[in-house]
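Colleague: Can you walk me through this one? I have a few questions and will jump around.

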Amino acid sequence: MKNTKKIPHESLRVLIVEDNQDVACNIGDYLEDKGHIVDFAMDGVTGLHLAVTLPLDVIVLDIMLPGIDGFSICRRLREETDKAVPVLMLTAKDTLEDKLEGFDSGTDDYMLKPFSLEELEARLFALARRAKPDTKRIIEVGKVKVDLGQRLVTRDGAHVKLNRTCFQILVELMKAAPGVVSRADLEHMLWSDYKPDSDVLRSHVYALRKALDHPENESLIETVVGVGFRMRA
C-alpha cells in the first residue's frame with residue numbers, strides 16, 4: 001500500500017551540494033515540484049560559498065566532492081562562520097566511522113544513498129522545524145545550562161558546541177531529568193516515522209558525550225540498558 005502520509009505545506013530554501021548531476025537534478029526537480037526554492041553547487045568551493053552567503057533553511061551535502069569534501073565544508077561552516085543552517089549529509093559512505101566523522105564535523109542528519117525522496121523531504125522539514133529558536137526558556141540540570149532562545153549550551157560556565165541534533169537530544173534529556181527518555185521516544189522526536197538505522201542515534205549520543213563530558217569524570221549521560229538514556233545531575 002502506498003504511503004499517503006502528508007508533508008507540511010511550507011516552502012523551504014534548500015542548497016544541494018552534489019557533484020552527481022543526475023542525483024542533484026532528481027532531488028531538485030522533486031523539491032521544486034513541491035514548491036521549494038532550490039540552489040545547486042557541483043563542487044565544494046562553490047558549495048561553501050553559497051552556504052555562507054545565501055539565506056537558507058537547510059543544506060543537502062554530499063561528502064565526496066571536488067575541491068573541498070563535505071566533512072570540511074560542514075566543519076568550516078560551523079567553526080569559521082556564524083551560520084547555523086542545518087545540514088543533512090547525503091552519501092553512500094555507510095560505515096559507523098563515516099557517520100561519526102560527519103556528526104563530529106557538525107552535520108545534523110545523515111542519510112544513505114539510495115534514498116526515498118519523500119523521506120528526504122520529511123527530514124528536511126524536521127531539520128528546518130528544529131532550527132526555529134524557542135525564545136522563552138532557560139533550563140538547567142546540575143552544572144549544565146541551556147538557553148533555548150540563543151541555542152547556547154554551557155557546562156561550568158564554559159561554552160559547549162553542539163550540532164542541532166545533539167542539542168535537541170540534550171534538551172529532551174534535561175527536560176526529563178532525572179527520568180529516563182526511551183530510545184523510541186528520542187527517535188520519534190528526531191525523525192518522526194522515518195526512523196534511520198540504529199547506529200545513527202548511538203552516533204549522536206556518542207558525539208554529545210564527547211562534547212559535554214570531562215574526560216576525568218563519569219559521563220553526564222547514562223545509558224539505561226534496554227530502555228534509553230537519562231541525564232545525571
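Colleague: Start with Lys210. Is Lys210 buried or exposed?

Modeller: Keep in mind that this is a predicted model. Lys210 counts as exposed, at 53% relative accessibility.

Colleague: What does the side chain of Lys210 meet in a salt bridge?

Modeller: Asp104, with an N to O distance of 3.6 Å. Lys210 is in helix α8 (residues 198-212) and Asp104 in helix α4 (residues 96-105), so the salt bridge ties together parts that are 106 residues apart in sequence. Asp104 itself is partly exposed, with a relative accessible area of 47%.

Colleague: Which residues of α4 are buried, then?

Modeller: Asp98, Lys99, Gly102, Phe103 and Ser105. Looking down the axis of α4, these buried residues fall within an arc of 160°, so they line one face of the helix. After α4 comes Gly106, with a positive phi near 115°.

Colleague: Back to salt bridges. How many does the structure hold?

Modeller: The structure holds 12. One of them joins Glu80 to Arg76, where the closest N and O atoms are 3.5 Å apart. Those two are four residues apart in helix α3 (residues 70-80), which means about one helical turn separates them. Glu80 is exposed at 56% relative accessibility, while Arg76 is partly exposed at 35%.

Colleague: And which residues are joined into one network by shared salt-bridge partners?

Modeller: First the pair: Arg230 and Glu222 form a salt bridge at 2.9 Å, N to O, and Arg230 is partly exposed, with a relative accessible area of 29%. Through shared partners, salt bridges join Glu218, Glu222, Arg230 and Arg232 into one network.

Colleague: How do the strands β11 and β12 run?

Modeller: Antiparallel: β11 (residues 221-224) and β12 (residues 228-231) are joined by four bridges. Thr223 stands opposite Phe229 in β12. The hairpin has three residues between the strands, and Gly226 takes a positive phi there, near 80°.

Colleague: Sheet next. In what order do the five strands of the open sheet come?

Modeller: The order is β2-β1-β3-β4-β5, with parallel pairing. The edges are β2 (37-41) and β5 (109-112); each has a single partner strand, so one side of each is left without a neighbour in the sheet. On average, neighbouring strands of this sheet are turned by 20° against each other, ignoring direction.

Colleague: How many bridges between β1 and β3?

Modeller: Four, in the parallel sense, with β1 covering residues 13-17 and β3 residues 58-61. Ile16 stands opposite Val60 in β3.

Colleague: Which strands does helix α1 lie across?

Modeller: α1 (residues 21-33) lies across β1, β2 and β4 (87-91), and runs at about 165° to β2.

Colleague: Changing topic to charges. What is the nearest side chain of opposite charge to Asp147?

Modeller: Lys145, 6.9 Å away; Asp147 is buried and has no salt bridge. The cut-off for a salt bridge is 4 Å between a side-chain nitrogen of Lys or Arg and a carboxyl oxygen of Asp or Glu. Asp147 is in strand β7 (residues 144-147). Leaving out residues up to four places away in sequence, Asp147 touches Arg137, Ile138, Leu152 and Phe167.

Colleague: And Val171, buried or exposed?

Modeller: Val171 is buried, with a relative accessible area of 3%, and is located in helix α6 (residues 164-176). Not counting neighbours within four places in sequence, Val171 is in contact with Ile139, Val146 and Leu148. The C-alpha atoms of Val171 and Val153 are 9.7 Å apart, with the two residues 18 apart along the chain.

Colleague: Now backbone oddities. Where is the peptide bond with omega near -5°?

Modeller: From Lys113 to Pro114, and that bond is cis. Pro114 is in the loop between β5 and α5 (117-130). The bond from Ala177 to Pro178 is also cis, with omega near 5°, and Pro178 is in the loop between α6 and β10 (180-182).

Colleague: What is phi of Asp156?

Modeller: Near 55°, a positive value in a residue other than glycine. Asp156 is in the loop between β8 (152-155) and β9 (158-160), and counts as partly exposed at 42% relative accessibility.

Conventions: Residues numbered from 1 in each chain as written. Predicted model: local features only at pLDDT ≥ 70, side-chain atom pairs only at ≥ 80, totals over all residues. Heavy atoms only, no water. Pairing = 2+ DSSP bridges. Axes fitted to C-alpha atoms, helices over the stretch in contact; angles between N-to-C directions. Contact = heavy atoms within 4.5 Å. Buried < 20%, exposed > 50% of the residue type's maximum accessible area, 1.4 Å probe, protein only. Arc of directions from axis to C-beta. Lys, Arg positive; Asp, Glu negative; His and termini not counted.
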